[in-house]
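Hello,

I am passing on the structure I have been looking through, with some notes to help you find your way around. Please have it open while you read.

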Amino acid sequence: MNRWLIYLLEDNDDDVYLIKSTLSKYNGRHQFRLKSFDNVESLKQATLQCSPDILLMDLNLPESTGLNTLIIVKHFVACTPIIVLTGNSEDGIGEKTIQLGAQDYIPKHELTTSLLTRTIVFSKERFELQRNLENMVVMDKLTMLNNRGSFDSELHRYVQDAIRYNTQFGLLFIDLDNFKLVNDELGHQAGDQLLKSIAAKLKMFRRTSDFVARYGGDEFVIIAPHVSNKEQLAKLTQHKYTLLADNYCIEGVNNQIHEVNLELSIGAVLFPEDGEDETQLLNNADATMYQAKETGKPYKVMN
């Protein structure tokens, strides 16, 4: 049986009792030992002595409220998965907590034994998987997407297979329009958080067959098999733009929270119509992306 130490940051005695009672009803392959703390400082001191396997936390405490509490706590429990439990009913609060570093989020009024324990287990497993992936050579360590070297090898393989089997595939080249402004005004840490959020969306909402990579800096690429004409390519490109061009909640200097309205440019090409080898195809995708940027269009499919 796996024995996990869980820390709970919660200043409401009734909620502490509720969470303890909810966990006590679990009868599965894990054993949970819960320790609660009613303020950030006592939690911090405890983590210096012994790191928990999971941290459950409320966002509203006497000394800190809302997302600021998550920002404060995240800095001294960087190696622990965080699950936010809160009664905050603000729209989009759950997505914002995840963008700022939490593994998951549960509204307190939805709390059940099965939901809480399942979230704990999945959050722990996802967190460990993510850490293991960081050691893989083919991954970009910041975004956990495939890196440039991995993309180059995969693009070469796709071209060779397409020639051999007389098939087609699409290639999307994505560039973030106002990324330099984020770095200059909010700092490189904020820029890194934005790149991670973009990468998370690319991973979460990709087709199973797609190959997604960080090409470098603020540029991303997608190899899209099973795309056989420009109409399909245009629909896929529009979908990716709609997905990524969004508001992102990130942390700037001095722990300030900012919402960034991100715009981007996408160039899309089709093999072999738009390039007879990987070099020409990639160059044309890059050039098409810059044509979109220069004409003020969010995306462009090569004519």
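A good place to begin is Ile266, which stands opposite Tyr299 in strand 12. Before going on, please note that this is a predicted model, in which local features need pLDDT of at least 70 and side-chain atom pairs count only at pLDDT 80 or more, while totals for chains, interfaces and linings use all residues. Residues are numbered from 1 along each chain as its sequence is written, and side-chain values use heavy atoms, leaving out hydrogens and water.

Helices (H or I, at least four residues) and strands (E, at least two) are DSSP runs, numbered from the N terminus. Two strands pair if DSSP finds at least two bridges between them.

Strand 11 (residues 264-271) pairs with strand 12 (residues 299-301) in the parallel sense, over three bridges. Strand 11 also runs antiparallel to strand 6 (residues 169-176), joined to it by eight bridges; there, Ile266 has Ile174 opposite. How many residues of strand 11 are buried? Eight of its eight are (buried means under 20% relative accessible area, exposed over 50%, partly exposed in between, with a 1.4 Å probe and protein chains only). Leu264, Ile266, Ala268 and Leu270 lie on one side of strand 11, and Ser265, Gly267, Val269 and Phe271 on the other.

Elsewhere, five strands form an open sheet with parallel pairing, in the order 2-1-3-4-5. Strand 2 (30-37) and strand 5 (104-107) are at the edges with a single partner strand each, so one side of each has no neighbour in the sheet. Strand 1 (residues 2-9) pairs with strand 2 in the parallel sense through eight bridges, and His30 in strand 2 is the bridge partner of Asn2.

Finally, have a look at two helices. Helix 6 (residues 148-165) packs with helix 10 (residues 278-294) at an angle of about 115°, their axes 10 Å apart. Axes are lines fitted to C-alpha atoms, for helices over the stretch in contact, and angles run from 0 to 180 degrees between N-to-C directions. That makes helix 6 roughly perpendicular to helix 10 (under 35 degrees counts as roughly parallel, over 145 as roughly antiparallel, 65 to 115 as roughly perpendicular and the rest as oblique). The contact (heavy atoms within 4.5 Å) involves Phe151, Leu155, His156 and Val159 of helix 6, with Glu278, Leu281 and Leu282 of helix 10.

Enjoy exploring!

Best wishes
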